[in-house]
Amino acid sequence: MNVADSQRVAAALEHLDYQHVSRAEEADVIVMNTCMVRQSAEDKAVGRLTSLKSLKKKNPALVINLMGCMVGVKPRKELYERFPFVDVFSAPSDPRPLIAHLYQQMGRDLEEVETSRRFAWLDGDIRLPADEAGQAVTAFLPIMDGCSNACTYCIIPSRRGGEESRPAEHILSETRAMVSQGVKEITLLGQIVDRYGQDQPGMPNLSQLLRMLHTIEGLERIRFLTSHPNWVTEELMRTVAELPRVMPHFEVPVQSGDDEVLENMRRGYTAGQYRELVARIRSLVPGVSFGNDIIVGFPGETREQFEHTVGLIEELRLDVMHLARYSPRKGTVSATRMADTVSEEEKWERFRVLEELQEQISVEIHQRYLGEVTEVLFEERQRGRWKGRNPNNKLVFVESEADLRGKLLPVRVTLAGPWSLVGELVESGKTAEKA
Ligand code: SAH
Ligand code: SF4
């Protein structure tokens, strides 16, 4: 979400004739987009922000914009006091305060900021930043902002505000604009992406939106994330199965495999329900793959409860795991009312147990691709090899002298590791049997 937000700020700045520079020392404007989801992210943001102080001292004309979850929907007084060298504070996803500030400096009409059709985020007229146009093969597209759920550990709803879906016309016109700039794959983003359109009357749901996007010529692939177990509908499963350009991959976090921990997290489902959901998706969507998030060391999580998570993962064997050690976030229910009982050492231990297990599972899943042909959309050259992804979002590397950027090609897999696959291009003419 932050990557997409930053891109939009960059695009908005380019509308004002700013250009990207690679060193902070050369910049006239620095935007720091921040994440607060865990303490480590916050510490990193504070560290980098503090390091900008000396730049501002050397160059008082420098404009520093602090953006994102550190600011939240409404900046608090304590932020102004703590970071007096910051010129502009802006909420997640909102480039307007910065643009208004720069307009004011230029002596231009502020009202234009409110109404101007030039602001990508507001009217769907997205332009990729110049260094990405014609280069970026994949792009993120937020289709909603905020979250109205209340998982007890999570700071996102209080920082990004309540759930709000964006109009379908904006999403469609942004997608068309991106495709016209060379993008072949979009990933639709939302905190509970399957709830798209549910917060306002008369909007299409995610399945209907996917169908609309599917008609856009030149768009080769559509992905979406993050799903919530309670909101993945059969209609969505059938839509994913039916539409060839919607990729068969679900990012659907379980967070824990223990019912009591899930209840304390207020996730709204049991491990058994999650198990059934995975089985249902597997039965309706052929060749589907899964990404999953897990938090280890949630307040009160016993070793036995943790073992339930291990058991669930051993049983379900999902493709990818995003692991996090529980981090108390100020103001959340879990940080306020539940003691952080699991030691750092024990959190690390549980982290490693799951990490190791997932590595074994991933290798095993990847080995099933050996000798098979898989369709890869190539994104960029990395250390002499072309990097792309297959429909299941697996990273695939191929050696080739040709320019493969943006090409969708069949690849025969020759090597399988835990994180990626290696393969070779299948010569055209020989692909007929498998492609
Ligand atoms: N909306 C998505 C993702 C939210 S944040 C969802 O509901 O799953 C991304 C991930 O960060 C979460 O899935 C969770 O695993 C992790 N996370 C969020 N808050 C956390 C916290 N306080 N401590 C550790 N991990 C956290
Ligand atoms: Fe946070 Fe839960 Fe909303 Fe995801 S669904 S953003 S974890 S509150």
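**View 1. The buried area between domain 1 and domain 2.** About 1000 Å² is buried between domain 1 and domain 2, and carbon and sulfur atoms account for 55% of that area. The model shown here and in the following views is a predicted one. The size of an interface is often expressed in this way, as the accessible area that is lost when the parts come together. Here 14 residues on the side of domain 1 are in contact with 13 residues of domain 2, while the C-alpha centres of domain 1 and domain 2 are 27 Å apart. In the domain assignment, domain 1 covers residues 2-113 and domain 2 covers residues 138-246, and the chain continues with domain 3 (248-366) and domain 4 (373-434).

**View 2. Polar and charged pairs across the interface of domain 1 and domain 2.** Eight residue pairs are found in polar contact across this interface, with both residues of each pair at pLDDT 80 or more. By class, the side of domain 1 that touches domain 2 is made up of eight nonpolar, three polar and three charged residues. Two salt bridges are counted between domain 1 and domain 2. Arg-160 and Asp-5 form a salt bridge in which the closest N and O atoms are 3.0 Å apart.

**View 3. Salt bridges Arg-23 to Glu-26 and Arg-303 to Glu-307.** Over the whole structure, a search finds 30 salt bridges, and the general background is that side chains of opposite charge can pair when their charged atoms come close. Arg-23 meets Glu-26 through their side chains, with an N to O distance of 3.1 Å. Arg-23 is partly exposed, at a relative accessible area of 46%, and Glu-26 likewise counts as partly exposed, at 45% relative accessibility. A salt bridge also joins the side chains of Arg-303 and Glu-307, where the N to O distance is 3.5 Å.

**View 4. The surroundings of ligand 1.** There are 16 residues around ligand 1, of which Tyr-153, Gln-191, Gln-255, Asp-293 and Ser-327 come nearest. A polar side-chain atom of Asp-293 lies 2.5 Å from an oxygen atom of ligand 1, and an N or O atom in the side chain of Arg-267 is 3.2 Å from an oxygen atom of ligand 1. With Gln-191 the backbone is involved, since one of its N or O atoms lies 2.9 Å from a nitrogen atom of ligand 1.

**View 5. The shell of residues around ligand 2.** Ligand 2 is surrounded by Cys-147, Asn-149, Cys-151, Tyr-153, Cys-154, Ile-156, Pro-157, Gln-191, Ile-192 and Arg-267. Sorted by class, this shell holds seven nonpolar residues, two polar residues and one charged residue.

Notes
Residues are numbered from 1 along each chain as its sequence is written. Chains are lettered from A and ligands numbered from 1 in the order in which they are written. This is a predicted model: local features need pLDDT of at least 70, side-chain atom pairs count only at pLDDT 80 or more; totals for chains, interfaces and linings use all residues. Side-chain values use heavy atoms; hydrogens and water are left out. A residue is near a molecule or strand if one of its heavy atoms lies within 4 Å of it. Ala, Val, Leu, Ile, Met, Phe, Trp, Tyr, Cys and Pro count as nonpolar, Asp, Glu, Lys and Arg as charged, and the others, Gly among them, as polar. Domain bounds come from an automatic or database domain assignment. Contact means heavy atoms within 4.5 Å. Buried area is the accessible area (1.4 Å probe) that two parts lose on being put together, summed over both. A salt bridge is a side-chain nitrogen of Lys or Arg within 4 Å of a carboxyl oxygen of Asp or Glu. A polar contact is a pair of N or O atoms within 3.5 Å; within protein, one must be able to donate a hydrogen and the other to accept it, and residues adjacent in sequence count only if both atoms are side-chain atoms. Buried means under 20% relative accessible area, exposed over 50%, partly exposed in between (1.4 Å probe, protein chains only).
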